[in-house]
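Me: Could you take a close look at a single part of this structure and walk me through it slowly? I am in my first year, so a connected explanation would help me.

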Amino acid sequence: LVSLPFAALVLAAAAAPHPHWAKALDPDPRLWPSGREAWFSFLCIVLWNCCGYDSAGMVAAEVRSPRSSFPRALWGAFALSTALYVLPLAAALATLDHWEQWAPGTYPLLGASLGGGGLEAALTAASAVSMAGVLFTILCTSSRALLAMATLRMLPPALGRLHPRFGTPAAAICANASLVALATLTLRFDDALQLSMLFYCGSA
């Protein structure tokens, strides 16, 4: 469902009077980061957008026939996420100007330009719901890693406690959520993103 507003954005761009699809392949050097810090931030964002597929392995024991279902799910997720990154961005570039003024949170404004307030509201809601889904998924899957480390005595045993009813690593989830909340309250998004990717690459 969260993909539908982005599909609507692509359709609205295709229905625009004079879309210039060649603009999506514009070689303008201003499209690329300038300077070492800008390149570092760019690569962190690219990595952040493409990471997380390995998290599925942390819940393999809770999936029926993971040997056959995991490859299909991962290839499907990869294809869908790639399309959702490339097509809406290409559609916006083909129909709207002043891309150099775009910033985080611009998609709803692009939707308003192409499809009015309804599409703007739909894109805003879809972005919020998808980010919440990503957060909850990462919290639940990465907490399994904390559970495994606690079981192996690499972390305090208290993190290995399971919920008596649901069998989930409740202590690890709470600890994980507390650390994420602390980082959210004390760090800027760029700093939190870079720190997250540093730990991600270090644990790969």
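**A close look at helix H4**

Reply: In this predicted model, Arg144 is buried, since its relative accessible area is 13% and the cut-off for buried is under 20%. Arg144 belongs to helix H4, and, once its neighbours within four places in sequence are set aside, the residues in contact with Arg144 are Met58, Val59, Glu62, Thr168 and Pro169.

Helix H4, which covers 107-151, also takes part in the largest nonpolar core, a group of five residues made up of Phe6, Leu9, Leu119, Leu123 and Ala126. Both helix H1 (4-14) and helix H4 supply at least two residues of this core, and the largest share, three residues, comes from H4. In soluble globular proteins, nonpolar side chains tend to be buried together. If we follow one member of the core, Phe6, and again leave aside its neighbours within four places in sequence, we find Phe6 in contact with Leu84, Pro88, Tyr107, Leu123, Ala126 and Ser127.

The loop between H4 and helix H5 (170-186) holds Arg153, whose phi is near 65°, a positive value in a residue other than glycine. Most residues other than glycine have a negative phi. Arg153 is exposed, because its relative accessible area is 63% and exposed means over 50%. Buried Arg144 and exposed Arg153 therefore fall into opposite classes of accessibility.

Terms used
Residues are numbered from 1 along each chain as its sequence is written. This is a predicted model: local features need pLDDT of at least 70, side-chain atom pairs count only at pLDDT 80 or more; totals for chains, interfaces and linings use all residues. Side-chain values use heavy atoms; hydrogens and water are left out. A nonpolar core is a set of buried Ala, Val, Leu, Ile, Met, Phe, Trp, Tyr and Cys residues joined through side-chain atoms within 4.5 Å. Buried means under 20% relative accessible area, exposed over 50%, partly exposed in between (1.4 Å probe, protein chains only). Helices (H or I, at least four residues) and strands (E, at least two) are DSSP runs, numbered from the N terminus. Contact means heavy atoms within 4.5 Å.
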